[in-house]
Amino acid sequence: MAAIALNFSLMVCEHAIELANGLVAALLGDGVDRKRAGDLIAEQARQPGRPAAESADVLIWIIGLAVAMGLILAFIAIVRVALLLFLMIAAPLALLCHALPQTEHIARVWWHTFTGVLGFGCGTSRAHRLLGSEPR
């Protein structure tokens, strides 16, 4: 059984990644409504009775926060892709560990890590959808 899993490890990884990407696409839907996001930023930047200098400060803080969040998300995406590539490279050896009872725990650790990396994208997209959606 382990030899069969070894030979189909790349196909298993491919289908698992496609499934995770499909779940993320289904959870996010159309993504962020750009017009609504722009209107919210404009509303915060120019409130009636607020001096122009203070509005500029608010806009600078919003832009700085957006840049910082973008850099953090880019770093997380790079680490996630690198970890996923490492797990795909290790897949044949990890699935071969199912052959012996002494190495079964290594295969289980690989499965848990692989599903965790794929589930992380689904979890973050679900959190994004819950936190970023309009109240009904």
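The following legends describe an overall view and several close-up views of a predicted model.

**Figure 1. Overall architecture of the predicted all-residue model, with 5 helices and 0 strands.** Along the sequence, the elements follow the pattern α-α-α-α-α. The protein has 136 residues, of which 15% count as buried. Its accessible surface comes to about 10,000 Å², and carbon and sulfur atoms contribute 72% of that area. Among contacts with a separation of 6 or more, 69% join residues 24 or more positions apart.

**Figure 2. Close-up of the edge-to-face pair formed by Trp110 and Trp111.** The structure holds 2 aromatic pairs, and one of them joins Trp110 to Trp111 with 5.0 Å centre to centre and 75° between the planes. The angle exceeds the 60 degrees over which a pair counts as edge-to-face. Trp110 is buried, with a relative accessible area of 5%, whereas Trp111 has a relative accessibility of 29% and counts as partly exposed.

**Figure 3. Close-up of the stacked pair formed by Trp110 and Phe114.** The ring centres of Trp110 and Phe114 lie 4.9 Å apart. Because their planes meet at 10°, the pair is classed as stacked, the limit for this class being under 30 degrees. Both residues belong to helix 5 (residues 104-132), and because they are 4 residues apart there, about one helical turn separates them. Phe114 counts as buried, at 1% relative accessibility, and Trp110 is likewise buried, at 5%.

**Figure 4. Close-up of the aromatic cluster of Trp110, Trp111 and Phe114.** Ring pairs link these three residues. Trp110 takes part in the edge-to-face pair with Trp111 and in the stacked pair with Phe114.

**Figure 5. Close-up of the largest nonpolar core, which has 13 residues.** The members that touch the most other members are Cys13, Leu84, Leu87, Trp110, Phe114 and Leu118. Helix 2 (9-28), helix 4 (52-96) and helix 5 each give two or more residues to this core. Two residues of the aromatic cluster, Trp110 and Phe114, are thus named again here. In soluble globular proteins, nonpolar side chains tend to be buried together.

**Figure 6. Close-up of the surroundings of Leu87, one of the core residues that touch the most other members.** When neighbours within four places in sequence are left aside, Leu87 is in contact with Trp110, Thr113, Phe114 and Val117. Among these partners, Trp110 and Phe114 form the stacked pair.

Conventions
Residues are numbered from 1 along each chain as its sequence is written. This is a predicted model: local features need pLDDT of at least 70, side-chain atom pairs count only at pLDDT 80 or more; totals for chains, interfaces and linings use all residues. Side-chain values use heavy atoms; hydrogens and water are left out. Buried means under 20% relative accessible area, exposed over 50%, partly exposed in between (1.4 Å probe, protein chains only). Contact means heavy atoms within 4.5 Å. Accessible areas come from the Shrake-Rupley method with a 1.4 Å probe; for residues, only the protein chains shown count as cover. Rings of Phe, Tyr and Trp (its six-membered ring) pair if their centres lie within 6.5 Å; planes under 30 degrees apart count as stacked, over 60 as edge-to-face and the rest as tilted. A nonpolar core is a set of buried Ala, Val, Leu, Ile, Met, Phe, Trp, Tyr and Cys residues joined through side-chain atoms within 4.5 Å.
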